[in-house]
Amino acid sequence: MATRTDSLQGKPAERVLSLDPKQNIKGVSNFARSMRRLRKHRMAIFGIGLLLFVILYVVIGSLVIPESVSTYNDPRRKLQPPSAEHPFGTDVIGRDILARTIYGGQVSLFIGVTAMLIQILVGTAVGLLAGYLGGVVDFLLMRFAEAMLSIPQLFLALVALRIFSDPTQFPDFTFMGRRFSSTMIVIVFVIGLTSWMRVSRIVRSVVLSVREQEYVMAAYSIGARSWRIILRHVLPNCMAPIIVSATLGVASAILLEAYLGFLGLGVRAPTPTWGNIMGEANSYLDSWFYWFFPALFIMLTVMGINFLGDGLRDAFDPRSLK
Amino acid sequence: MTRYVVQRALQSIPLLLIISFILFNFTNALGDPMAVYAESRNRPSARDREIIMRRLGLDRPILEQYLIWLIGNDWMPPIDVYGDGSRLERGTRRGVLRGDLGISFVTRRPSWTRIEERLPWTLILMVPSYVLTVGLAIAIGIFSAVRQYSFWDNLITSLSFFFYSMPIFFVALLTIYIFAVQFKRWGLEPIKWGGTGDGTLGSLLQHMVLPVFCLVAIQLAGYVRFVRSSMLEVLNQDYIRTARAKGLAESQVVRRHAFKNAALPLVTLIGLDLPFLLAGAVVTERIFAWPGMGRLFIESFERADVPVMMAILMVLSVAVVVFQLLTDIVYTWLDPRIRYS
């Protein structure tokens, strides 16, 4: 639902066509134009709002409620429904679910964002290499990507996670006074390294179309080196699809973490995540508050990201009608 | 065309080899498969362990193990079972290429029989929910697209966004909580869930209601969005205006001119998604205690039952590759504008 009133229609057109040098001096970059479209995209703004809410929840929450609350357990008050003292109730060993969704949320969001960074980094690198070098490199990399794509990601992630989460080899670590399970770091790499394939395909296809452009030929003929052509001419053209897949990548990383956690095979104790709280709550169906709140936060986050991602796609590609 | 198909089929052979090699290395790194034996009732002694290792070929380097998995060891030099040359046994494995997917470490029966037991259950669950999903998605997607930006279109778009972002366990737990737990409290007949029922058709159908509902609710959103956007794209084409201009009824325009063309990308999507139905739905099967392929994978994963895991993954990969090829062929048949050379 992008409002497509820029460039040739409406007010901005006057400015583009204006002959007054003072007005034209600045020019409007493609990126700035896209961002302006994004601001008018109601669903994207709604998505940003949702995300801000979730981020503020985990940030302000951790300022108000100390971490010790999320780990303090008292079996005598287990599975208590929401009350003034515990707004989200308590879990099976009497921990406050509100505090656990705050600290678990921090970990879930951290995993989502860092796994996305790895996914984008690897995907972009592979896509650039395959598209720019072509030939055997392209063939091998793309067959490898295809091979990885034809196996369900959850299966791949499960196996990889098991291989690299031996607690004797990767012990818990302490960071800023909090103890974390090393599986938290492992899962970031596992999710990142099992989800780069789509990004690499997108980047590769952009590279293939850009490579044939005259300005790349021009750059090549004045003696620019390959890496310069890649960084200055090819990469900027890939930015739009990369930003869109990065946004949506955070959502799928958070979801995958949640599924792994739900199966009880994700991040291990003592580190809570929205996913592994769900995994514990799975057997206590009657205590609805136990699973409802972490699932709600997963949903809000994923929904916010999907709205934003869709808005970004519309903003970068004004032709798309979605 | 024939040449193109043959070429594609030949290309998929190295692809499957790469897939199987990656997977073999992966699954074999899972941990000590002998741990399963160590847990069994008649716990083997250290010497027996060694013998079992040799019989299974687990003492060999990974590349050789892969070769045995691929083409069997019945033609290789006999196995020195005791390690001192006093007893030589011929290998009995024929390898995947000759249809032998190996013996499960856990049940000691062929991996394929494990899959044969579970696959029907997965299909019973996945096929109806997939058919429902696609059918409903086409109906809702078209309904929404021809009323673009109307109240109904906005409602459907928002709802599909909502369900698209729902993790499936949330939908599943909510529906169980409402239709089973709360219904009982309200004095209504709760819907039965968990497992596949007592063997009668009625009970099976009742146990299918909730999981099918969840699977449809989750998958539907994505498909509705897809149908809607490809319909919108087609509805803006010149030939639709022409069809309207020559006085065709709107229903004719939508059904015969627009939908037929909008269905083309949908065919691709379905073709690429179909093979993954075989994988079952890991989370859904877990919640509803459904004995399908997803559960089988998790079970074999938890016990490091490498042959069964490899069998499942390879069946899937072959299905994915075959369906990709089929999709391409169907596509050329449906859309005469496309010609592969």
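Trainee: What share of the 341 residues in chain B is buried?

Mentor: Bear in mind that this is a predicted model, where local features need pLDDT (the predictor's confidence in each residue, from 0 to 100) of at least 70, side-chain atom pairs count only at pLDDT 80 or more, and totals for chains, interfaces and linings use all residues. Residues are numbered from 1 along each chain as its sequence is written, while chains are lettered from A and ligands numbered from 1 in the order in which they are written. A residue is buried if 20 or more other C-beta atoms, placed from the backbone, lie within 10 Å of its own, exposed at 12 or fewer, and partly exposed in between. For chain B, the buried share comes to 32%.

Trainee: And what is the radius of gyration of chain B, and why does that say it is spread out?

Mentor: Chain B has 13 helices (DSSP runs of H or I, at least four residues) and two strands (E, at least two). Its C-alpha atoms fill a box of roughly 90 × 65 × 30 Å along the principal axes. The globule rule (2.2 Å times the number of residues to the power 0.38) gives 20 Å for 341 residues, so chain B is more spread out than a compact globule, with a C-alpha radius of gyration well over that, at 26 Å.

Trainee: How far apart are the axes of α5 and α8 of chain B?

Mentor: These are residues 111–146 and 201–235 of chain B, packing at an angle of about 35°. By class, their contact has 22 nonpolar, five polar and one charged residues. With axes fitted to the C-alpha atoms over the stretch in contact, the separation of α5(B) and α8(B) is 6 Å.

Trainee: Which helix gives the most to the side of chain A that touches chain B?

Mentor: Counting C-beta atoms within 7 Å as a contact, 33 residues of chain A and 38 of chain B take part. On the chain A side, α7 (135–149), α8 (153–163), α12 (226–262) and α14 (288–316) each give two or more residues. That side divides into 26 nonpolar, two polar and five charged residues. With nine residues, the top contributor is α14(A).

Trainee: Which element of chain A has the lowest mean pLDDT?

Mentor: Chain A as a whole has a mean of 84, with 90% of its residues at 70 or more. Residues 1–14 are below 50, though this stretch has 19 contacts beyond near neighbours in sequence. Helix α6 (97–133) has the highest mean, 93, and the lowest, 48, belongs to helix α1 (10–17) of chain A.

Technical notes
Two residues are in contact if their C-beta atoms, placed from the backbone, lie within 7 Å. Ala, Val, Leu, Ile, Met, Phe, Trp, Tyr, Cys and Pro count as nonpolar, Asp, Glu, Lys and Arg as charged, and the others, Gly among them, as polar. Axes are lines fitted to C-alpha atoms, for helices over the stretch in contact, and angles run from 0 to 180 degrees between N-to-C directions.
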